[in-house]
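User: I am new to this structure and would like a close look at one part of it. Please start there and then follow what surrounds that part.

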Amino acid sequence: MKIGILGQRGGWHVTALQEALARRGITAPCFPITRLMARLSARPWLAATGEPLETYDVLFVRTIPGGSLEQIIFRVDALHRLENAGVRIVNSPTTIERTVDKYYTSTLLEDAGLPTPRTVVTERFDEAMAAFHELGGDVVVKPIFGSEGRGIVRVSDPDTAYRVFRALELGRYVYYLQEFVPHGCEDIRVFVIGEEVVAAMVRRGETWKTNVAQGAVGEPLVPDDELREMSLRATRALGADYAGVDILPIGGGGYAVVEINGIPGWRGLQAATGVNIAEHLAGFVLSGPI
Ligand SMILES: Nc1ncnc2c1ncn2[C@@H]1O[C@H](COP(=O)(O)OP(=O)(O)O)[C@@H](O)[C@H]1O
Ligand SMILES: [Mg+2]
């Protein structure tokens with residue numbers, strides 16, 4: 001089977017996947033997604049650094065670096081074309097579109113009946129100010145396309161809200177405001193592959209932002225049935241082959257799903273739990289449906 005990786009050569013996750021595949025006798029080359037070249041009325045339809053991609057059975061998508069709207073849409077369109085040509089893309093371009101966008105993700109979680117925090121999304125400054133009060137005057141403001149906790153701010157003062165929202169207006173950002181859920185600086189990351197929860201951890205942060213990239217420390221967790229069920233349903237709702245599910249414990253017991261990562265990292269999770277995620281992913285792709 002011909003397997004490739006779209007990612008950053010030499011990156012930790014790419015190397016882990018390459019090693020897991022090599023143990024199964026597969027050499028998986030890595031190409032940067034920024035080096036795609038598409039052709040119409042000529043072959044190859046899609047190449048990366050000159051290598052034709054439509055000849056691959058499976059392509060893992062590990063990194064889509066930031067870029068202009070045109071660049072991002074071109075890269076994802078190229079993944080769609082490859083998928084249409086019969087290449088299995090993991091995660092699929094549809095799942096990537098759904099998971100990179102926090103608003104889209106939240107709608108699918110809600111439609112799947114999963115508990116998600118109250119959220120307002122708007123383009124207008126005045127509506128954002130009204131939403132700040134509607135959500136209890138203590139909100140988390142998130143970039144719609146963001147990860148690793150970068151750019152997320154908690155705003156709990158009307159003057160700060162005014163100033164932050166005016167600044168966002170200048171950049172023509174969309175406001176994504178979510179009620180602050182008090183969680184005692186702890187949340188839960190569940191890693192799902194296919195129909196299986198392969199690892200989970202509690203992330204303890206120094207502050208309310210519990211991303212490992214923000215300094216949180218992971219502790220292994222054996223998820224209860226409710227957590228498992230929620231994580232599997234959330235992964236299914238996004239159509240993901242694999243996903244990192246972020247879950248906040250809410251007051252009085254119970255949980256809220258806060259986001260699903262369609263290109264999840266697992267370095268912190270692997271360090272906390274000892275589970276070799278790349279092994280599971282390689283096994284999943286080689287045994288899973290094509
Ligand atoms: N509504 C919220 N209330 C309290 N903390 C939150 C809320 N939303 C996110 N957080 C904290 O911020 C972290 C990052 O938010 P998340 O939505 O997962 O974005 P990212 O894609 O940057 O990881 C979460 O892991 C959690 O610790
Ligand atoms: Mg997150």
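Analyst:
**A sheet and its surroundings**

Strand β15, residues 242–249, pairs with β16 in the antiparallel sense over six bridges. Helices and strands here are DSSP runs numbered from the N terminus, a helix being H or I with at least four residues and a strand E with at least two. Two strands are called paired if DSSP finds at least two bridges between them. One of the links is between L248 and its bridge partner A256 in β16.

The model is predicted: local features need pLDDT of at least 70, side-chain atom pairs count only at pLDDT 80 or more, and totals for chains, interfaces and linings use all residues. Residues are numbered from 1 along each chain as its sequence is written, while chains are lettered from A and ligands numbered from 1 in the order in which they are written.

β15 and β16 belong to an open sheet of five strands, ordered β14-β13-β12-β15-β16, with antiparallel pairing. Its edges are β14 (217–220) and β16 (255–261), each of which pairs on one side only. From one strand to the next, the twist averages 30°. Angles such as this run from 0 to 180 degrees between N-to-C directions, and the axes are lines fitted to C-alpha atoms, for helices over the stretch in contact. Helix α9, residues 277–287, packs on this sheet and touches β12 (186–193), β13 (196–204) and β15. The direction of α9 makes about 30° with that of β12. Contact between two residues means that their C-beta atoms, placed from the backbone, lie within 7 Å.

How does this sheet fit into the chain? The domain assignment gives domain 1 (3–90), domain 2 (101–114 + 183–283) and domain 3 (119–179). These bounds come from an automatic or database domain assignment. Ligand 1 lies between domain 2 and domain 3, because both give residues to the shell around it. That shell holds 20 residues, and the closest are S147, Q178, V181, T210 and E259; a residue counts as near the ligand if its C-beta atom, placed from the backbone, lies within 6 Å of it. By type, the shell has seven nonpolar, seven polar and six charged residues. Ala, Val, Leu, Ile, Met, Phe, Trp, Tyr, Cys and Pro count as nonpolar, Asp, Glu, Lys and Arg as charged, and the others, Gly among them, as polar.

A second open sheet has four strands in the order β8-β11-β9-β10, again with antiparallel pairing. β8 (119–122) and β10 are at its edges with a single partner strand each, so one side of each has no neighbour in the sheet. The twist here averages 25° from one strand to the next. β8 pairs with β11 (residues 175–179) over four antiparallel bridges, and the bridge partner of T119 in β11 is Q178. Two helices pack on this sheet. Helix α5 (residues 125–134) touches β8, β9 (139–141), β10 and β11, and its direction makes about 175° with that of β8. Helix α6 (residues 158–170) touches β9, β10 and β11, and its direction makes about 135° with that of β10.

V153 is in the edge strand β10, residues 153–155. V153 is partly exposed, having 13 other C-beta atoms within 10 Å. On this scale a residue is buried if 20 or more other C-beta atoms lie within 10 Å of its own, exposed if 12 or fewer, and partly exposed in between, with C-beta atoms placed from the backbone. Leaving out residues up to four places away in sequence, V153 touches V141 and V164.

The remaining domain is domain 1, whose C-alpha centre lies 35 Å from that of domain 3. Helix α1, residues 12–22, has H13, V14, A16, L17, Q18, A20 and L21 buried. These buried residues pack against β1 (3–6), β2 (30–31), β6 (58–61) and α9. α9 is thus a contact of α1 as well as a helix on the five-stranded sheet.

Within β1, I3 and I5 point one way and G4 and L6 the other way, and all are buried. β1 pairs with β6 in the parallel sense over four bridges, one of which involves L6 and its partner V61. β1 also pairs in the parallel sense with β2, over two bridges, and the partner of I5 in β2 is C30.
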